[in-house]
Amino acid sequence: MQQGPPGQWRGGGRPKHAHYAPPDDGLEQRLRKVVDTRDAVTDCSHAMLQRTENRAHCMRVWKNVFQDAVVERNAGKALVLLYVANDVLQCPRNGYRWQEDFGPHLCNVLPSALACARSIRAHDVHLKMTRLPNIWRERRVLVQKDAERLVDDCYDSTTELESGQHPNSLHLPGDQPNQRISQQPANQLPRHPAPHHPTDPHPHSHQHPPPYYPSHHP
């Protein structure tokens with residue numbers, strides 16, 4: 001058997017007990033610990049973009065962490081993870097390679113995040129979530145049908161919120177079949193958020209512009 005550095009297999013292939021797994025290198029841990037700061041969001045988006053060749057696995061990791069945040073009723077964490085997705089999609093160098101596949105994931109999880117924000121009366125978080133799909137549609141960083149679906153989801157969610165309806169008919173990930181979210185009064189929000197082109201959806205972007213494309217946030 002060939003000799004090599006400690007821990008390096010030199011037996012002419014993978015050992016029989018080895019199991020292939022897509023390289024993670026701490027991505028899930030980064031996403032689980034991300035906080036609402038420019039540096040933290042940029043760190044996570046860079047980590048994903050560096051794994052562009054393995055983006056299918058990265059999107060599954062992102063989606064799992066996002067769904068866990070919704071199950072925990074942590075709408076603020078879900079919003080920060082949307083900021084990470086926003087950074088990835090709007091990266092001029094590699095963002096286009098994520099756009100086609102990321103859209104269906106976003107369509108799958110955004111409605112439950114909006115329902116979560118409504119159920120815990122996090123109206124400021126809900127409003128920030130609804131701004132992002134308009135920006136993605138304007139800047140064409142998603143497939144059109146996915147962008148339109150996300151905008152429609154936001155419109156429906158905002159309509160339910162302003163009319164006082166409650167997401168008690170929606171089962172969030174992790175809910176028991178008979179579990180219902182308790183009724184809560186809702187404040188009024190604009191019926192359909194207008195595109196916020198000059199407004200940064202991330203409150204910290206203007207303080208810490210990302211090093212690779214400072215104008216990627218509107």
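Colleague: Hi! Is helix α2 mostly enclosed or mostly open to the outside?
Modeller: In this predicted model, α2 is largely enclosed by the rest of the structure, because nine of its 12 residues are buried.

Colleague: Which residues are buried there?
Modeller: In α2 they are Arg38, Ala40, Val41, Thr42, Cys44, Ser45, Ala47, Met48 and Leu49.

Colleague: And what covers them?
Modeller: The cover over the buried residues of α2 includes α1 (27-33), α3 (55-71), α4 (75-89) and α5 (96-119).

Colleague: Nice. How far does α2 reach from end to end?
Modeller: Helix α2 spans residues 38-49, and its first and last C-alpha are 16 Å apart, close to the expected 16 Å.

Colleague: Switching to backbone angles: what is phi at Arg73?
Modeller: Phi of Arg73 is near 60°, so a positive value in a residue that isn't glycine. Most residues other than glycine have a negative phi.

Colleague: Where does Arg73 sit, and how accessible is it?
Modeller: Arg73 lies in the loop between α3 and α4. Its relative accessibility is 24%, so Arg73 counts as partly exposed.

Colleague: What about Arg140?
Modeller: Arg140 has a positive phi too, near 55°. You'll find Arg140 in the loop between α6 (123-139) and α7 (144-162), and it is exposed, with a relative accessible area of 71%.

Colleague: Last thing: what is the average pLDDT of the chain?
Modeller: The average is 76, and 64% of the residues score at least 70.

Colleague: Where does pLDDT stay under 50?
Modeller: Residues 1-22 stay under 50, with 12 contacts beyond four places in sequence. Residues 173-218 also stay under 50, with 116 such contacts in the model. Where pLDDT is low, the predicted coordinates should not be read in detail.

How values were computed. Residues numbered from 1 in each chain as written. Predicted model: local features only at pLDDT ≥ 70, side-chain atom pairs only at ≥ 80, totals over all residues. Heavy atoms only, no water. pLDDT = per-residue confidence, 0-100. Contact = heavy atoms within 4.5 Å. Helix = DSSP H or I, 4+ residues; strand = E, 2+ residues; numbered from the N terminus. Expected span 1.5 Å × (residues − 1). Buried < 20%, exposed > 50% of the residue type's maximum accessible area, 1.4 Å probe, protein only.
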